[in-house]
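Trainee: Could you take me closely through a single part of this structure and then show me how the rest of the chain is arranged around that part? I would like one connected explanation that I can follow with the model open beside me.

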Amino acid sequence: MTKFLLSAIILFFGLSILAQDPVSWTFEYQKKDDSNGSIIMTAQMDQGWVIYSQHTDEGGPIPTNFDWHASPDFTYVGQVDELSKAIKGFSEMFELNVIKFKNEAIFEQKIQNVKNGAIIKGSVTYMSCSGNKCLPPKEIRFEVKT
């Protein structure tokens, strides 16, 4: 019985460690003036982990992608901008050039004609990799109040 209990505890903690995501996200609204603003999406990566640019070539890692819900309370302006400096270079793992972010990646989606108290809903899909392994793509849904 003791061996079974010990095995169960080890398995539980082992799975919890594997389930931890090396990337954490924050989402916030930044007001520019009475009717304009931006949604700022920030990814913090654990040491040794990266995520990939929205502009990564096909055949390589899954690019970061943002999906937005339409609303009559505001209008999206343009595409999501990448504010952080990206690292461009050859990836041995994918055998092609990639564009990635290390430590932190900041993205911005501009919006206009924002009604006070509007709720902005969206999701981000991304893939994180370390030097020798990648985790499956993950989707995070978020809501931000203006």
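Mentor: Begin with Gly89, whose bridge partner in strand 7 is Val98. This pair belongs to a ladder of five bridges that joins strand 6 to strand 7, and the two strands run antiparallel. Please keep in mind throughout that what you have in front of you is a predicted model. Strand 6 and strand 7 form a hairpin with four residues between them, and one of the residues in the turn, Glu95, deserves a careful look.

Glu95 sits in the loop between strand 6 and strand 7, the latter covering residues 96-102, and the backbone angle phi of Glu95 is positive, at about 55 degrees, although this residue is not a glycine. That is worth a pause, because most residues other than glycine have a negative phi. Is Glu95 buried or exposed? Its relative accessibility is 65%, and since exposed means over 50%, Glu95 counts as exposed. A positive phi is also found at Asn113, where the value is near 55 degrees and the residue is again something other than glycine; Asn113 belongs to the loop between strand 8 and strand 9.

Now step back to the chain that holds this hairpin. Its secondary structure comes to one helix and 11 strands, and when you read along the sequence the helix comes before the strands, in the pattern α-β-β-β-β-β-β-β-β-β-β-β. The chain has 146 residues, of which 34% are buried, and its accessible surface comes to about 9300 Å², with 53% of that area belonging to carbon and sulfur atoms. Among the contacts with a separation of 6 or more, 68% are between residues 24 or more positions apart.

Four of the strands form an open sheet in the order 1-2-8-5, with antiparallel pairing. Strand 1 (23-31) and strand 5 (75-82) each have a single partner strand, so these two stand at the edges and one side of each is left without a neighbour in the sheet. On average, and with direction ignored, neighbouring strands of this sheet are turned by 15 degrees against each other. Within the sheet, strand 1 and strand 2 (residues 36-45) run antiparallel and are joined by nine bridges; to find one of the paired positions, look at Glu28, whose bridge partner in strand 2 is Ile40.

Strand 8 of this sheet carries Gln109, which is buried, with a relative accessible area of 2%. A polar atom of the Gln109 side chain lies 3.1 Å from the backbone oxygen of Val77. Leaving aside residues up to four places away in sequence, Gln109 touches a set of residues that includes Gly37, Ile39, Trp68 and Tyr76.

Leu83, by comparison, lies in the loop between strand 5 and strand 6 (87-91), and with a relative accessible area of 47% it is partly exposed. Apart from residues up to four places away in sequence, Leu83 touches Ile106 and Glu108. You can also compare Leu83 with Thr42, since the two are 41 residues apart in sequence while their C-alpha atoms are 9.7 Å apart in space.

Let us turn next to the nonpolar interior. The largest nonpolar core has 23 residues, and the members that touch the most others are Trp25, Met41, Met45, Ile51 and Phe107. Two or more residues of this core come from each of strand 1, strand 2, strand 8 (104-112), strand 9 (119-126) and strand 11 (138-145), and strand 2 gives the largest share, four residues. If neighbours within four places in sequence are left aside, the contacts of Phe107 include Trp25, Met41, Ile51, Phe66 and Val80. A second, separate core has seven residues, among them Val50, Tyr52, Phe94 and Cys129. As a general guide, nonpolar side chains in soluble globular proteins tend to be buried together.

Finally, look at Ser128, which lies in strand 10 (residues 128-129). Its relative accessibility is 2%, so Ser128 counts as buried. Beyond its neighbours within four places in sequence, Ser128 is in contact with several residues, including Asp21, Trp49, Val50 and Cys134. To return to where we started, you can set the buried Ser128 beside the exposed Glu95 and view the two residues in turn.

Conventions. Residues are numbered from 1 along each chain as its sequence is written. This is a predicted model: local features need pLDDT of at least 70, side-chain atom pairs count only at pLDDT 80 or more; totals for chains, interfaces and linings use all residues. Side-chain values use heavy atoms; hydrogens and water are left out. Two strands pair if DSSP finds at least two bridges between them. Axes are lines fitted to C-alpha atoms, for helices over the stretch in contact, and angles run from 0 to 180 degrees between N-to-C directions. A nonpolar core is a set of buried Ala, Val, Leu, Ile, Met, Phe, Trp, Tyr and Cys residues joined through side-chain atoms within 4.5 Å. Buried means under 20% relative accessible area, exposed over 50%, partly exposed in between (1.4 Å probe, protein chains only). Contact means heavy atoms within 4.5 Å. Accessible areas come from the Shrake-Rupley method with a 1.4 Å probe; for residues, only the protein chains shown count as cover. A polar contact is a pair of N or O atoms within 3.5 Å; within protein, one must be able to donate a hydrogen and the other to accept it, and residues adjacent in sequence count only if both atoms are side-chain atoms.
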